[in-house]
Amino acid sequence: MSKKRRTKQGSSAKKPRTDVKTPAGSTAAVHIPEQPTPVTVEPWHVEGDGDLYGDESTGGIAVDFKFRGAALPGVLVSFGDLFAKERRREISAGWGYSVELPAVLDLLEHVEQGAVEAGAARSLLLEAAEKLYGPFGCRAFEDPAKVRAGCQAAGGCALCEERRSWFEELLDRSDVLWERLQQPEVYPFAAGRRGIHDTTCSVVKRETPDNYARPAGEAYTQALHLYSHTVVPYDRDIFESARSYPSFTAMTPEEARTWIADRTGPKGGRNYARCQRCAPAL
């Protein structure tokens, strides 16, 4: 019989993570050891009379399970391929996760022999799901409306903390932009995403908030929440409440001339637009 061969491709959600480690001194029963450097392999082969065997793993994160009476080292856990509608539940309760079948069978054998209590097995599986939630990027699979509602109810969430530094950068920049926009006699020109204007131009006024003040207290919490849950990561200028923050950069005449020079090609071509409404005199 001719030799056949096939390759099983691993999904992006199942690639080994080399940066996942358990904090030093952890005594948790679920341990995620440092992962080996991934290698390119073709793990599945059909040879001879069709015997199927695998010799390497191309996905998942290895997790060590340690019980009082038994241990299961290097159990491969993955996420993102199997979402059984018949057993739908919260992701935090295991939906979307997969555990290698031999490890499940070994765990059942330990339970059957009395070396592991069923409740302990369940608890450690859920603990593994919790620890792998971040590394697997499970938040992207959650209902955004539900995540926002949970954040509002709790007064914050992991996503807000993750993007707090982005929000602080936005506030720092907004403070400077707003202060400059209030002094058109010093900063008579303003640059936006679509070109350059007079600072007093109606376009600048229309696209700038009537009032701006750096939020504090509860207002800060709400503003951080709205920003964190709506900002586009690859273009942080796009988020639900963008109009509440100044976006035009007011400039002195010298700064404006430099801005124009930086956007003018060697042959005089302009890589910017000059507002036709206010026709800034530069």
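Colleague: Which strands does helix 8 lie across, and at about what angle does it run to strand 10?
Modeller: This is a predicted model. Helix 8 covers residues 253-262. It lies across strand 8, strand 9 and strand 10. Its direction relative to strand 10 is about 115 degrees.

Colleague: What is the strand order in the open sheet of 3 strands?
Modeller: Pairing in this open sheet is antiparallel. Neighbouring strands are turned against each other by 30 degrees on average, direction ignored. The order is 9-8-10.

Colleague: Which strands stand at the edges of that sheet, and why is one side of each left without a neighbour?
Modeller: An edge strand here has a single partner strand, so one side is left without a neighbour in the sheet. That applies to two strands, residues 195-198 and residues 249-251. They are strand 9 and strand 10.

Colleague: Which residue stands opposite Phe-189 in strand 10?
Modeller: Strand 8 spans residues 189-192. It is joined to strand 10 by 3 bridges, and the two run antiparallel. Opposite Phe-189 in strand 10 stands Met-251.

Colleague: How many residues lie between strand 5 and strand 6 in their hairpin?
Modeller: Strand 5 holds residues 61-66, and 5 bridges join it to strand 6. The two run antiparallel. Val-63 stands opposite Val-75 of strand 6. The number of residues between the strands of this hairpin is 4.

Colleague: What is the bridge partner of Ser-78 in strand 7?
Modeller: Strand 6 is also joined to strand 7, residues 97-99. There are 3 bridges, and the strands run antiparallel. The partner of Ser-78 is Ser-98.

Colleague: How many degrees lie between the ring planes of Phe-79 and Phe-136?
Modeller: The count of aromatic pairs comes to 15. Phe-79 and Phe-136 form one of them, at 6.3 Å centre to centre. The pair is stacked, and stacking requires planes under 30 degrees apart. Here the angle is 25 degrees.

Colleague: How many residues apart in sequence are the parts that the Phe-79 and Phe-136 pair ties together?
Modeller: Phe-79 lies in strand 6, residues 71-79. Phe-136 lies in the loop between helix 2 (118-132) and helix 3 (144-154). The pair therefore ties together parts whose separation in sequence is 57 residues.

Colleague: Is Phe-136 buried or exposed?
Modeller: Its ring partner Phe-79 has 0% relative accessibility, so Phe-79 counts as buried. For Phe-136 the relative accessible area is 7%. The cut-off for burial is under 20%. Phe-136 is therefore buried.

Colleague: Which ring does the charged end of Arg-236 sit over?
Modeller: Two arginines sit over rings here. The charged end of Arg-270 is over the ring of Tyr-272, 5.3 Å from its centre. The charged end of Arg-236 is 4.0 Å from the centre of its ring, that of Trp-166.

Colleague: Which residue's side chain has a polar contact of 2.8 Å with the side chain of Glu-207?
Modeller: Glu-207 is in the loop between helix 6 (202-206) and helix 7 (217-228). Its relative accessible area is 12%, so Glu-207 is buried. Leaving aside neighbours within four places in sequence, Glu-207 is in contact with Arg-194, Arg-243, Ser-247 and Phe-248. The side chain that makes the polar contact of 2.8 Å belongs to Arg-194.

Colleague: How far apart in space are Pro-215 and Leu-171, C-alpha to C-alpha?
Modeller: Pro-215 is also found in the loop between helix 6 and helix 7. It is buried, at 18% relative accessible area. Not counting residues up to four places away in sequence, Pro-215 touches Phe-167, Leu-171, Tyr-220 and Ala-223. Pro-215 and Leu-171 are 44 residues apart in sequence, yet their C-alpha separation is 8.5 Å.

Colleague: Which residues do ring pairs link into a cluster with Phe-167?
Modeller: Phe-167 is among the residues that Pro-215 touches. Ring pairs link Phe-167 into a cluster with Trp-178, Tyr-212, Tyr-220, Tyr-227, Phe-239 and Tyr-245.

Colleague: What is phi of Ala-279 near?
Modeller: Ala-279 lies in the segment after helix 8. At 47% relative accessibility, it counts as partly exposed. Its phi is positive, in a residue other than glycine. The value is near 45 degrees.

Colleague: What share of the 282 residues is buried?
Modeller: The protein has 8 helices and 10 strands. Among contacts between residues at least 6 apart in sequence, 65% join residues at least 24 apart. Buried residues make up 34%.

Notes:
Residues are numbered from 1 along each chain as its sequence is written. This is a predicted model: local features need pLDDT of at least 70, side-chain atom pairs count only at pLDDT 80 or more; totals for chains, interfaces and linings use all residues. Side-chain values use heavy atoms; hydrogens and water are left out. Two strands pair if DSSP finds at least two bridges between them. Axes are lines fitted to C-alpha atoms, for helices over the stretch in contact, and angles run from 0 to 180 degrees between N-to-C directions. Contact means heavy atoms within 4.5 Å. Rings of Phe, Tyr and Trp (its six-membered ring) pair if their centres lie within 6.5 Å; planes under 30 degrees apart count as stacked, over 60 as edge-to-face and the rest as tilted. Buried means under 20% relative accessible area, exposed over 50%, partly exposed in between (1.4 Å probe, protein chains only). A charge sits over a ring if NZ of Lys or CZ of Arg is within 6 Å of the ring centre and within 35 degrees of the ring normal. A polar contact is a pair of N or O atoms within 3.5 Å; within protein, one must be able to donate a hydrogen and the other to accept it, and residues adjacent in sequence count only if both atoms are side-chain atoms.
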